[in-house]
Amino acid sequence: MDHQPKFFENLSGTGKAIGVLTSGGDAQGMNAAVRAVVRMGIYVKAKVYFVYEGYQGMVDGGDNIVEVSWESVSSILQVGGTVIGSARCKAFRTREGRLQAAYNLVQRGITNLCVIGGDGSLTGANLFREEWSGLLEELAQKGKIDEEAVKKYAYLNIVGMVGSIDNDFCGTDMTIGTDSALHRIIEVVDAIMTTAQSHQRTFVLEVMGRHCGYLALVSALACGADWVFIPEYPPEEGWEDSMCVKLSENRARKKRLNIIIVAEGAIDCHNKPITSEKVKDLVVQRLGFDTRVTILGHVQRGGTPSAFDRILASRMGVEAVLALLEATPDTPACVVSLSGNQAVRLPLMECVQMTQEVQKAMDEGRFVEAVRLRGRSFENNLNTYKLLSHKRPDAELPKTNFNVAILNVGAPAAGMNAAVRAAVRVGITEGHKMFAVIDGFEGFARGKIKEISWGDVGGWTGQGGSILGTKRTLPAKYLEKIADQMRTNNINALMVIGGFEAYESCLQLHEARSRFEEFCVPVCVLPATISNNVPGTDFSIGADTALNAIVETCDRIKQSASGTKRRVFIIETMGGYCGYLANMGALAAGADAAYIFEEQFDIRELQANVEHLTEKMKTSIQRGLVLRNENSNENYTTDFIYQLYSEEGKGVFDCRKNVLGHMQQGGAPSPFDRNFGTKISAKAMQWISKKLKETYRKGKVFANTDDSVCLLGMRRRNLVFQPVAELKNETDFVHRIPKEQWWLKLRPLMKILAKYKTSYDVSDSGQLEHVAMHSPKEAETGAI
């Protein structure tokens, strides 16, 4: 689609006033959203006001509604909760309260509101908007404002952003705070697993989610829990027996611990609550296992926001300001939400109604419908969990006589093991014999290949690195030996998990098919690399974990500068020639600049950055952060930039440099990477099964078409299988990056939030969409 890029320069906020408030329960990342709204608002020359303590502050007025400056939101990006406070407000529920709030806003000329909160807060905002003109009329009659003001401030525009750790709002894949809450839960689960292992204990963990089981479901998926209780999908009659049978089976398989996750709103099929205590008593009475309960409570709301939440909130905050600038009296109140990888705008009340529909379906016992209404992402999570958590008895499994081998190629990436586990278990469920190849194609050539069972991959989701071992070696120099091994072990399909090398390897196997018939089998590549440089996908397994490692380090480094005034840090990130980590790390850590290979820079730009920092040091923010991708420029090295900054900044600021190195590759995988790895791997295995059936002729598998060697990637909103042969044209093989990368569109965002003048292409945003009700078929086809 060739459209003229549309830039927001022609959208001016001059003369407009925007009020920003956080309401309802707090969530990590709200501050990042507040910061983005304030800075984008000031950038487009609007006045921006903080409304402290949510709607209570709007009703009370006075010092609760304050105009803010650029510096007001400095250093809040990494802080959890909300710095402008949030309160439940009874007064705003009355017309008198709303009348007072309207008066307080009109006094300051605020007719644009950005509300960050849950569905209750957003419904309140919509009611306020509908009553607005009536409220102004009433104020005029009472003589509190004049007719002039009624005309001037006739319309109130509202844009919402959903801040809620429960992810309980329909219309958005992720709400602000959900990813951070998952981080908290997984940190606790990982810690509990080590102690449970020592004592052969069973742990019952209660997580938040009164009406929504998202946190429970995804954390169960991410830690391989034995059982999960969620409100949308109550267990069948007699669940007590099935659960106890499963727990004792797992113990019999030498599993030393059991983890059961309970959402606080869990119910049985008669709508009776299932509590963590009830589950514990059941396990103790029936099985006599040593069982402990841990209730996570408010830990889940606390702590610093994850990289994902900071980027999500920053993107949404900027989008919200654009939506307010473009709003007309006729546009309905909208929410800015996330669909796949796209920021979209949806009518607020459509989302609220759909969210209420879910609750209604649950109250009436229509649970299948409730799961469908939650959206395709929720449904996919549930189906994947059911597939992986429970092994059917061998007698019930189909037998296909197909052998499928799995290997890791390239550098290790967190989440690879979760992907291997999912592939092995789905493969076994589909009736295949699964084989693990040790040490990539090099190990393959040497015959390091063994059958792998359901139990062998237990507990793998939380392990970092690559348990199978991985090598960068490409198959080209071992083709004959690999073909021999494929023949000897009768391998009928391959799953290759890794980075750019994995993609290149599969291209080589595809091209060698004419010489070696053994390679005429279905092959699927799963992108797994911290660099996120694989063509055909927006995200790769491992990039989120690396990004969190970078952001965490940047936070610490920024903190170290708070004692010493006027210091600039230059930080080098990994990524090869791909600037993803440097660019997104800069956006999430609130950096002043990021140097990347994809956007060439020269000495003039370096000079401009130094001058920008010199200006910044005159304000109250006396520190700077600059990220540089390791291969962004062969001459302007990290040392060169450090020396240039040190010289040019003499007398104004001093400089320190830091090369992050391999800490970016290690660590336990983040919840996102565990979940993403698990889901795409399960989907890839189902694709392999389908291809095996299609290509099985006369007692053997023969697949020689382009579409039998595919890469499974996330593209905008969907998961798609793409033939590697077709991806060749999209690839820059010299620098090992895709020719086009989606995240470059977010570069101006980072610059705007760091106070640089820039152009920002907003062609993708601006259209109000509708909440899509998906069909059951759609759940299978695409969403993550």
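In the predicted model, Gly 542 has a relative accessibility of 1% and therefore counts as buried, the cut-off being under 20%. This glycine is placed in the loop that connects strand 17 (523-527) to helix 18 (543-563). When its neighbours within four places in sequence are set aside, Gly 542 is in contact with Ala 413, Ala 414, Thr 529, Ile 530 and Asp 673. A further relation links Gly 542 to Ser 670: 128 residues separate the two along the chain, while their C-alpha atoms are 8.2 Å apart.

The surroundings of this loop belong to a protein chain with 25 helices and 27 strands. The radius of gyration of the chain is 27 Å, close to the 28 Å given by the globule rule for 784 residues, so the chain is as compact as a globular protein of that length. Along the principal axes, its C-alpha atoms fill a box of roughly 90 × 70 × 50 Å. Of the 784 residues, 62% are buried. Contacts between residues at least 6 apart in sequence were also examined, and 79% of them join residues at least 24 apart.

At the surface, the protein chain exposes about 29800 Å², of which 49% is supplied by carbon and sulfur atoms. The chain carries 91 positive and 91 negative charges, and the mean positions of the two sets lie 3 Å apart.

Two helices were considered in detail. Helix 6 comprises 22 residues (178-199) and reaches 32 Å from its first C-alpha to its last, close to the 32 Å expected at 1.5 Å a residue. Buried positions in helix 6 include Thr 178, Asp 179, Ser 180, Ala 181 and Leu 182. Val 189, Ile 192 and Ala 196 are also among the buried residues of this helix. Helix 6 is followed by Gln 200, which has a positive phi near 50°.

Helix 7 (residues 214-223) has 10 of its 10 residues buried, so this helix is largely enclosed by the rest of the structure. The buried residues of helix 7 include Tyr 214, Leu 217, Val 218, Leu 221 and Cys 223. The elements against which they pack include helix 6, helix 13 (376-389) and helix 22 (671-695). Strand 6 (202-207), strand 7 (227-229) and strand 8 (258-263) likewise pack against the buried residues of helix 7. Just after helix 7, Gly 224 adopts a positive phi of about 65°.

Technical notes
Residues are numbered from 1 along each chain as its sequence is written. This is a predicted model: local features need pLDDT of at least 70, side-chain atom pairs count only at pLDDT 80 or more; totals for chains, interfaces and linings use all residues. Side-chain values use heavy atoms; hydrogens and water are left out. Helices (H or I, at least four residues) and strands (E, at least two) are DSSP runs, numbered from the N terminus. The radius of gyration is taken over C-alpha atoms; the globule rule is 2.2 Å times the number of residues to the power 0.38. Buried means under 20% relative accessible area, exposed over 50%, partly exposed in between (1.4 Å probe, protein chains only). Contact means heavy atoms within 4.5 Å. Accessible areas come from the Shrake-Rupley method with a 1.4 Å probe; for residues, only the protein chains shown count as cover. Lys and Arg count as positive and Asp and Glu as negative; His and the chain ends are not counted. The place of a charge is taken as NZ of Lys, CZ of Arg, CG of Asp or CD of Glu. The expected span of a helix is 1.5 Å times one less than its number of residues.
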